[in-house]
Amino acid sequence: MALSAALMDTPVKYSQLEDINDDFEQIDLEIIRHQHKLSKDLYAKRQKLVAQIPNFWALVFEQAPTDIDEYIQPSDSALLLTALTDMSVERFELPNGDPRSLLFRFEFSENDHFENKVLEKKFWWRRARDGMDAGYVSEPVQIKWKSAEKDLTGGMLDLVHKNWVEDPAGEKKDSETKKALLELMEKTPLGSISFFTWFGFRGRKFTAEDDAIGAKAEEELRKKRKAGEDIPDEDDEELDEDEYEYEVFPTGDDLAVAIAEDLWPGAIQYFTTAQEDGMSDIDFEESDEDMADGEEAPPLKKVKA
């Protein structure tokens, strides 16, 4: 290992570096907790204000940075522009739980694609039992599509949800649902997957029980590092090779973090940029009632900063 070789001729141990890294991580988590406490009332105030602006969140998504926009297909964008009425992000395990856990809530008006008025998705931050690995865990969200033709995920999300209902622990290796899901995944290019497939992200196979045990193990590891003991490196080869075999949105956790840490806090800036880049007031203030009988409202343009 290159790192081990680099430390061979120094008095510094790998455990000392990891100990410093642990301390930085704890500071980062404390900053998130404190920031949440200071800003939650301001976010609530902003939410009430922007609720009075038609198409606010649609225009925010239109200005989304590349690490979010790359997952939004033209058909997704059209639906968001016409039906997304509200959005929020909550660190739902605070004040006492892990500040990295996230809850996303999307509200929609009547539309041609699905019956849901609200789509909510939770991301729990959980640890492995050995305390040496951690990541996001989520559950598939069912979208009630009005027809197969209106399903923007091409049936993929339905299969993910069905597979989760049949095998929530992900222990069964073979089933007709899994076979159908794999076949659909194989013939669907990653670059063409709908944003709404994100609601099927499952993430790591860490249970709440694993996390409780892992929290204690993690604390023991920290104590050993502070005592100067060497801790064996995590062996990636021992990770479950099939963990992501049925994951339809492998970067779902990255997208969740991007929305929570960029789009959500920067919503006003993104909306303002949309206006500065050529969106006229009528684009976000005009309602269907203002249009002449039989006249359709022009679609909003895709504008990039």
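**Notebook: helix packing and the core**

I looked up α2 and α8 first and found them oblique to each other, because their angle falls in none of the other classes (under 35 degrees roughly parallel, over 145 roughly antiparallel, 65 to 115 roughly perpendicular). The contact (heavy atoms within 4.5 Å) joins Ser15, Glu18, Asp19, Asp22, Asp23 and Gln26 of α2 to Arg222, Arg225 and Lys226 of α8. I sorted these residues into no nonpolar, two polar and seven charged. Helix α2 covers residues 14–50 and helix α8 residues 208–226; their angle is about 130° and their axes lie 8 Å apart.

A note on the source: this is a predicted model, where local features need pLDDT of at least 70, side-chain atom pairs count only at pLDDT 80 or more, and totals for chains, interfaces and linings use all residues. Residues are numbered from 1 along each chain as its sequence is written, and side-chain values use heavy atoms, without hydrogens and water.

Next I checked helix α6 (residues 156–166) against helix α7 (residues 176–186). Their axes come within 9 Å and cross at roughly 150°. α6 and α7 are therefore roughly antiparallel. Their contact includes Met156, Leu159 and Val160 of α6 and Ala180, Leu181 and Leu184 of α7. Here I got seven nonpolar, two polar and three charged residues.

Last, I turned to the largest nonpolar core (buried residues, under 20% relative accessible area with a 1.4 Å probe, joined through side-chain atoms within 4.5 Å). It has 56 residues, and Phe104, Phe106, Phe196, Trp198 and Phe199 touch the most other members. Helix α9 (residues 252–263) gives the largest share, six residues. Beyond four places in sequence, Phe199 is in contact with residues including Phe106, Leu119, Val141 and Leu157.

Key: Axes fitted to C-alpha atoms, helices over the stretch in contact; angles between N-to-C directions. Helix = DSSP H or I, 4+ residues; strand = E, 2+ residues; numbered from the N terminus. Nonpolar A, V, L, I, M, F, W, Y, C, P; charged D, E, K, R; others polar. Buried < 20%, exposed > 50% of the residue type's maximum accessible area, 1.4 Å probe, protein only.
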